[in-house]
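User: Got a minute to walk me through the packing in this one? I'd like to start with the helices.

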Amino acid sequence: MASWYAIRARGTGAEVAIYDEIGAYGVSAKGFLAELGALPEGTPVDLRLNSPGGSVFDAVAIHNAIKRHEGTVTVWIDGIAASAASYIAMAGDEIVMPENAFLMIHDPAGLVMGTAEDMRAMAEALDKVKGSLVSGYAAKSGRTPEEVSALMAAETWFDAGDAVAQGFADRLIEPVRIAANFDIGRFRNAPPVLVEQVEADQDSDDAADCVEIEADEDTDEAAEGDQLSDVENEQAAAADTAQPPAETPPPSGAPPDPAAIRADAIGHARAVIDLCRLAGQAQMAGRFLEENASLDEVRAALLALRCEAEPEIAPHHPQPGRSSAARPWGEIVARTFKLKG
């Protein structure tokens, strides 16, 4: 399973690519920050973005980590930097956009279920988050917080030219082909040209999948024919040799069904991901899938990891349960009666 980010060393610098929803698939910013912090001090970084956004809390953590990085950070918006992804972009020393790329800013959103107090608390939290985002956008663009707040409330989309003119980007480059199979139906003001491009990409991907399946079927049929020919030749050459025992099963000439294989693989991947999420170890799903581990092996590994895990306990906070200094009630009762007797 591919992560929503990738960090690769390139010559004297490094490339960080965020080409998916931020924080999706159960992967938090913790792993991203650990890898970014492992880069040598002062390493120049090219941050490539093509994301519809995602977790605003992960985005804030990534933004702050990039700002702390000692080396120069150049942000390349390869397609879309929307919502939380646009806030990450603001951490760059230079923001570069192809002429057909887009950047979008809007108010943070959240879900809550509960009492009126719960909902008021969520509203207050969203106001605080927006204040933090406004500061970042205003610091980069040079616009006033009031102007940025109004742009966010309106869910404002900038093409590359507008982004440079408004101060949210620094430089234009030649157009690139936007390949972003993202669900942008959640956004109310997505530019029509972007919607058409995304739909066209999705249609072309579906067509490519169909062609791939048909090609697999043709290949399987050809392979089946070759196998049958080989079997006939071997039988003719071995007419005088002893026949195999009756219990030996005959070779099966039925080709595998590509659709069934694909469905089984997808079902297995989903089951592995669900198991890892339930165990609180979603980041391990990719490793299990690469190793082609069975569900039983995944369960055993997660159970072993759970048994080995030690709880993170802060000593300055009281913890539930009996303290190490507490004595059993039986000992206290016995001591009391002994003293009185």
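User: What angle do H4 and H5 pack at?

Analyst: This is a predicted model. In it, helix H4 (residues 116-141) packs against helix H5 (residues 145-153) at about 115°, and their axes are 9 Å apart.

User: Is that crossing left-handed or right-handed?

Analyst: Right-handed, as H4 passes H5.

User: Which residues make the contact?

Analyst: From H4 you have Lys130, Leu133, Val134, Tyr137, Ala138 and Ser141. H5 puts in Pro145, Val148, Ser149, Met152 and Ala153.

User: And how many of those are nonpolar, polar or charged?

Analyst: The contact of H4 with H5 splits into 8 nonpolar, 2 polar and 1 charged.

User: OK, over to H1 and H2. How do they pack?

Analyst: Helix H1 (residues 29-37) and helix H2 (residues 56-68) sit at an angle of about 10°, with axes 10 Å apart. Angles under 35 degrees count as roughly parallel, so H1 is roughly parallel to H2.

User: Which side chains should I click on there?

Analyst: For the contact, pick Ala29, Phe32, Leu33 and Leu36 on H1, then Asp58, Ala61, Ile62, Ala65 and Ile66 on H2. By class, the contact of H1 with H2 has 8 nonpolar residues, no polar ones and 1 charged.

User: Different topic: how many cavities of 30 Å³ or more are there?

Analyst: The count comes to 1. The largest cavity has a volume of about 40 Å³.

User: What lines the largest cavity?

Analyst: Val16, Leu36, Val45, Leu47, Ile66, His69 and Val73. That lining has 6 nonpolar residues, 1 polar and no charged ones. Leu36 and Ile66 turn up in this lining and also in the contact of H1 with H2.

Key. Residues are numbered from 1 along each chain as its sequence is written. This is a predicted model: local features need pLDDT of at least 70, side-chain atom pairs count only at pLDDT 80 or more; totals for chains, interfaces and linings use all residues. Side-chain values use heavy atoms; hydrogens and water are left out. Axes are lines fitted to C-alpha atoms, for helices over the stretch in contact, and angles run from 0 to 180 degrees between N-to-C directions. Helices (H or I, at least four residues) and strands (E, at least two) are DSSP runs, numbered from the N terminus. A crossing is left-handed if the near helix is turned anticlockwise from the far one by less than a right angle, and right-handed if clockwise. Contact means heavy atoms within 4.5 Å. Ala, Val, Leu, Ile, Met, Phe, Trp, Tyr, Cys and Pro count as nonpolar, Asp, Glu, Lys and Arg as charged, and the others, Gly among them, as polar. On a 1 Å grid over the protein atoms alone, a cavity is a set of points where a 1.4 Å probe fits but cannot get out, and a pocket is an open set with protein on both sides within 12 Å along at least five of seven lines; lining residues have an atom within 4 Å of a point. Grid points are joined across faces, edges and corners, and a volume is the space filled by probe spheres set on the points. Angles under 35 degrees count as roughly parallel, over 145 as roughly antiparallel, 65 to 115 as roughly perpendicular and the rest as oblique.
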